[in-house]
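Me: I'd like a close look at one helix pair and whatever sits around it. Take me through it slowly, please.
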Amino acid sequence: MSELYDVVIVGGGPGGYNCAIRAGQLGLKTAIVESRGRLGGTCLNVGCIPSKALLHTSDLYEAAAKRFPAMGIGVAGLTLDLAQMMKQKDAAVDGLTKGVEFLMKKNKVDYIIGRGRVEAPGRVVVTGAAADSKILETKNIVIATGSEPAPLPGVTIDERRIVSSTGALELTAVPRRMIVIGAGVIGLELGSVWRRLGADVTVVEFLDRVLPTNDGEVSAQMLRILKKQGMKFELSSKVTGVEEIGESLLVAIEPAAGGAGRTLEADIVLVAIGRRAVTADMGLAECGVAVDRRGVIAVDDGRTNIAGVWAIGDCTPGPMLAHKAEEEGIAVAQKIAGQWGHVNADVIPAVVYTSPEVASVGKTEEELKAAGIAYKAGKFPMSANSRARANHEMDGFVKILEDEAGKRIVGAHIIGAGAGEMIGEMCVAMEFAASAEDVARTCHAHPTVSEAMREAAKAVDNWLMQA
Ligand code: FAD
Ligand code: NAI
């Protein structure tokens with residue numbers, strides 16, 4: 001029997017490891033249990049970091065091949081060394097996961113390798129490690145077990161030819177033809193990687209738009225941009241099965257509304273239709289922890305319905321994003337330590353790392369209309385921004401939405417190079433309850449792409465100056 005912990009965290013992703021760091025900082029006796037053998041969760045191992053490493057290098061490759069000549073740069077004999085591209089991606093992952101392990105030591109958190117199961121409130125059993133099973137007694141349990149790819153009925157993922165995002169980050173050759181099922185974040189990011197490296201990519205999407213949770217104008221413009229880049233789309237379509245015939249995969253698709261089907265051929269199929277919470281076989285039902293029918297743990301500010309059992313990140317409701325998990329991890333650690341902790345669900349940014357990037361925070365126009373909230377919109381095109389023009393990066397726009405009655409920014413939507421970095425300004429503005437005028441009257445450095453945000457903010461009050 002081990003000594004009593006203040007908190008045992010099950011799952012070592014961005015939710016779990018940030019919760020552990022903060023708990024350690026606040027002087028709580030903390031353990032983190034992770035079954036993968038490496039800390040960092042989906043994000044560092046098979047998600048955010050490896051995908052961004054490949055998005056960055058594949059974008060440089062495509063720039064050298066297609067965009068450099070217009071800027072007067074000639075590249076003779078451009079080659080792709082895919083093995084090296086994968087190696088540098090793996091090195092980034094390796095360095096970062098080891099860094100998280102160091103942070104556990106630095107903050108006096110016990111890192112226990114193995115599978116955690118909640119035997120009872122206050123009791124976590126760890127199995128599967130090199131040693132025998134271990135029982136951890138604790139005042140608080142934080143479930144941070146994350147998510148995994150959602151399966152598509154009739155399509156068996158083998159991570160070789162029919163892959164989830166995990167397999168799509170490890171391909172050993174550029175496929176000639178790739179079919180991506182789902183035009184969400186993973187489909188467009190990883191579809192972009194392989195298209196840039198030479199694959200003929202077709203995306204099959206059930207709905208009639210790409211990035212369906214984004215602002216409608218963003219979805220429409222991204223569809224145009226991605227098509228211009230050479231990505232093909234079968235919208236309002238569903239995949240009913242994938243059959244392996246020799247070297248080819250035959251993908252059966254049908255109109256989503258029903259009707260005659262067709263077959264598409266591919267070498268690789270990427271299934272990217274969403275992710276589902278990992279909460280099965282963890283003892284939650286036995287302990288009475290409430291989960292919905294999809295296995296998502298019900299929480300109220302991080303607390304489950306059982307005292308002393310908390311849950312954070314992808315296994316709880318809300319967007320499945322690393323920084324949302326991190327935010328919740330910090331808030332829960334603070335609360336366990338008896339301090340204030342809160343997550344502002346209205347200010348969680350989301351970025352799609354395509355080229356150009358898509359970044360958003362807050363409400364979309366569709367959401368405001370549906371809620372009957374009167375709003376003003378200000379918009380500025382990247383084609384009128386001097387830095388974007390000088391850089392040959394003119395696709396996109398900034399749109400700022402202000403609640404008319406309260407004069408508060410309630411949403412911001414950006415398509416543009418560097419949009420992911422720019423959205424931070426909008427998050428700070430929203431946290432400080434800024435109006436569009438506050439942003440419009442803030443001096444922005446020239447020439448920067450972020451001046452487009454100032455112009456969009458001016459446009460809210462009809463004093464757009466530079467377009
Ligand atoms: P996870 O990161 O999933 O970590 C949970 C951990 O718990 C896992 O390591 C798992 O092994 C472990 N675990 C599960 N069950 C047990 C158990 N019983 N015992 C012990 N350990 C257990 N988000 C972004 O914000 N930005 C991005 O750019 C981004 N890119 C992504 C790209 C891809 C390809 C994918 C798949 C996801 C991406 N995400 C991104 C989403 C992001 O990875 C997740 O939102 C984030 O990792 C969730 O963190 P988490 O801590 O809740 O769970
Ligand atoms: P997603 O929810 O973003 O997109 C799934 C898409 O598949 C949707 O457009 C949906 O309409 C479509 N779809 C669902 N069923 C379908 C079917 N049977 N046939 C065709 N299309 C179908 O999910 P995705 O892309 O798998 O990513 C999962 C999550 O991972 C994201 O929601 C996000 O939270 C996270 N993520 C975040 C990233 C980022 O922040 N940059 C990058 C990658 C993933």
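Which residues of α3 meet which residues of α4?

Reply: Quick housekeeping before the helices. Residues count from 1 along each chain as its sequence is written, while chains are lettered from A and ligands numbered from 1 in the order in which they are written. This is a predicted model, where local features need pLDDT of at least 70, side-chain atom pairs count only at pLDDT 80 or more, and totals for chains, interfaces and linings use all residues; side-chain values use heavy atoms, leaving out hydrogens and water.

On the α3 side you have Ile49, Pro50, Ala53, Leu54, Thr57 and Ser58, and they meet Met85, Met86, Gln88, Lys89, Ala92, Val93 and Leu96 of α4. Contact here is heavy atoms within 4.5 Å, and helices (H or I, at least four residues) and strands (E, at least two) are DSSP runs numbered from the N terminus. By type, that contact comes to nine nonpolar residues, three polar and one charged. Nonpolar covers Ala, Val, Leu, Ile, Met, Phe, Trp, Tyr, Cys and Pro, charged is Asp, Glu, Lys and Arg, and the others, Gly among them, are polar. The two helices pack at about 145°, with axes 9 Å apart; axes are lines fitted to C-alpha atoms over the stretch in contact, and angles run from 0 to 180 degrees between N-to-C directions.

Now widen the view to the largest nonpolar core, which has 37 residues; Met178, Leu188, Trp194, Val210, Met222, Phe233 and Leu270 touch the most other members. α3 (48–67) and α4 (82–106) each supply at least two of its residues, and so do β9 (177–181), α6, β10 (200–204), α7 (216–228) and β15 (268–271). The largest share, five residues, is from α7. A core is a set of buried Ala, Val, Leu, Ile, Met, Phe, Trp, Tyr and Cys residues joined through side-chain atoms within 4.5 Å; buried is under 20% relative accessible area, exposed over 50%, partly exposed in between (1.4 Å probe, protein chains only). A separate core of 29 residues includes Val347, Val449, Ala452 and Val460.

Trp194 leads straight back to your helix pair. Beyond its neighbours within four places in sequence, Trp194 is in contact with Leu82, Met86, Ala168, Leu171, Ala173, Val174, Pro175, Met178, Ala199 and Val201. Met86 is also one of the α4 residues that meet α3.

Trp194 is one of the buried residues of α6, along with Gly187, Leu188, Glu189, Leu190, Gly191, Ser192, Val193, Arg195 and Arg196. Ten of the twelve residues in α6 are buried, so this helix is largely enclosed by the rest of the structure. Helix α6 (185–196) reaches 16 Å from first C-alpha to last, close to the 16 Å expected, where the expected span is 1.5 Å times one less than the number of residues. Just after α6, Gly198 has a positive phi of about 125°.

One more stop: Thr202, in strand β10. Thr202 is buried at 14% relative accessible area. Sequence neighbours within four places aside, the contacts of Thr202 are Met178, Ile179, Val180, Lys232, Glu234 and Leu264. Met178 thus turns up again, since Trp194 also has Met178 among its contacts.
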